[in-house]
Amino acid sequence: MKLLGAVLVALSLLLPGAWGSEASRTCIFQTLSESDSEFCRGDLEVIYPEVGDVSCSYIPKCHGYRRQLSHEWGKPHVRYPWAKKHKKYVLVMVDPDSPNRANPQNRFWRHWLVTDILGSDLRVGKIRGKVLTSYSRPKPPRYSGYHRYQFRLYRQPAHESIALSPKEQDSLGTWDLKDFVENFHLGYPVASTQFLTKHSED
């Protein structure tokens, strides 16, 4: 019996997956559905150092990734390999599904807004510029389903000084993104991507 016990312990050390523990299972970042994937264009990368590029994917529940995203991980590196070195860019991160995708009364919820980002920094994933809204972690409410967290990158017009109005500064929700883009002549995004996640206990 002691020999059998020793063999079982050895197997548990060598083959942890045989016991089916969550930590040992393969954790897959699934690609978004075809309709949601259409938003991903221009090779924009959103890189959390803990897991890598999450662009155009679902954040899985395994390994506690959704919980860590909402409570532990810092802001991601955002990389755009085609950025013009000496041009400036504007990065916007929003949740269009607040409080839920079926009834997004608080669209858009602003999670991050940075202007005056040099293309040379974007090429290597460094977001350095004028921070108008500090990074806020994705925190979908319980039972609200999947939320899209969208990243939109705009070319900043030369000599254009961008700022939020006092009203916009007072609230992150129900932000009129279309009005902001038009006011500062940002045009269409040069690149965009998104990932989807939901409450860690759902």
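Student: What is the relative accessible area of Arg101?
Tutor: This is a predicted model, in which local features need pLDDT of at least 70, side-chain atom pairs count only at pLDDT 80 or more, and totals for chains, interfaces and linings use all residues. Residues are numbered from 1 along each chain as its sequence is written, and side-chain values use heavy atoms, with hydrogens and water left out. Buried means under 20% relative accessible area, exposed over 50%, and partly exposed in between (1.4 Å probe, protein chains only). Arg101 falls in the partly exposed class because its relative accessible area is 35%.

Student: Which residue forms a salt bridge with Arg101?
Tutor: A salt bridge requires a side-chain nitrogen of Lys or Arg within 4 Å of a carboxyl oxygen of Asp or Glu. For Arg101 the closest N and O atoms are 2.8 Å apart, and the partner is Asp36.

Student: How many residues apart in sequence are the parts that Arg101 and Asp36 tie together?
Tutor: Helices (H or I, at least four residues) and strands (E, at least two) are DSSP runs, numbered from the N terminus. The partner Asp36 counts as buried, at 7% relative accessibility. Arg101 lies in the loop between β4 and β5 (109-118) and Asp36 in helix α2 (residues 34-37), so the bridge ties together parts whose separation in residues is 65.

Student: Is Asp97, the salt-bridge partner of Arg148, buried or exposed?
Tutor: The closest N and O atoms of Arg148 and Asp97 are 2.6 Å apart. Arg148 is in strand β7 and Asp97 in the loop between β4 and β5, so this pair ties together parts 51 residues apart in sequence. Arg148 has a relative accessible area of 14% and is therefore buried. Asp97, because its relative accessibility is 0%, also counts as buried.

Student: Which residue is linked with Arg142 and Asp202 in a network of salt bridges?
Tutor: Asp202 and Arg142 form a salt bridge, with the closest N and O atoms 2.7 Å apart. Asp202 lies in the segment after β8 and Arg142 in the loop between β6 (130-133) and β7, so the two tie together parts 60 residues apart in sequence. Asp202, at 23% relative accessibility, and Arg142, at 35%, both count as partly exposed. The residue that joins them in the network is Glu201.

Student: How many salt bridges does a search of the whole structure find?
Tutor: Side chains of opposite charge can pair when their charged atoms come close. Searched over the whole structure, the number of salt bridges is nine.

Student: How many aromatic pairs does the structure hold?
Tutor: Rings of Phe, Tyr and Trp (its six-membered ring) pair if their centres lie within 6.5 Å; planes under 30 degrees apart count as stacked, over 60 as edge-to-face and the rest as tilted. The number of such pairs in the structure is 11.

Student: What angle lies between the ring planes of Tyr65 and Trp73?
Tutor: Tyr65 and Trp73 are both buried. Their rings lie 6.0 Å apart centre to centre and form a tilted pair, with an angle between the planes of 50 degrees.

Student: How many residues apart are Phe151 and Phe195?
Tutor: These two form a tilted pair, 6.0 Å centre to centre and 40 degrees between the planes. Both Phe151 and Phe195 are buried. Phe151 is in strand β7 (residues 147-155) and Phe195 in strand β8 (residues 191-197), so that the pair links distant parts of the chain, with a separation in residues of 44.

Student: Which residues form one aromatic cluster?
Tutor: The pair Tyr65 and Trp73 and the pair Phe151 and Phe195 belong to it. The full membership is Phe29, Tyr48, Tyr65, Trp73, Tyr149, Phe151 and Phe195.

Student: Which residue is joined to Ser98 by a cis peptide bond?
Tutor: Omega of this bond is about 5 degrees. The partner lies in the loop between β4 and β5. That residue is Pro99.

Student: What is omega for the peptide bond from Arg107 to Phe108?
Tutor: Phe108 is found in the loop between β4 and β5. The bond from Arg107 to Phe108 is cis, with omega near -5 degrees.

Student: What is phi of Asp43?
Tutor: Asp43 sits in the loop between α2 and β1 (45-48). At 49% relative accessibility it is partly exposed. Although Asp43 is not a glycine, its phi is positive, at about 65 degrees.
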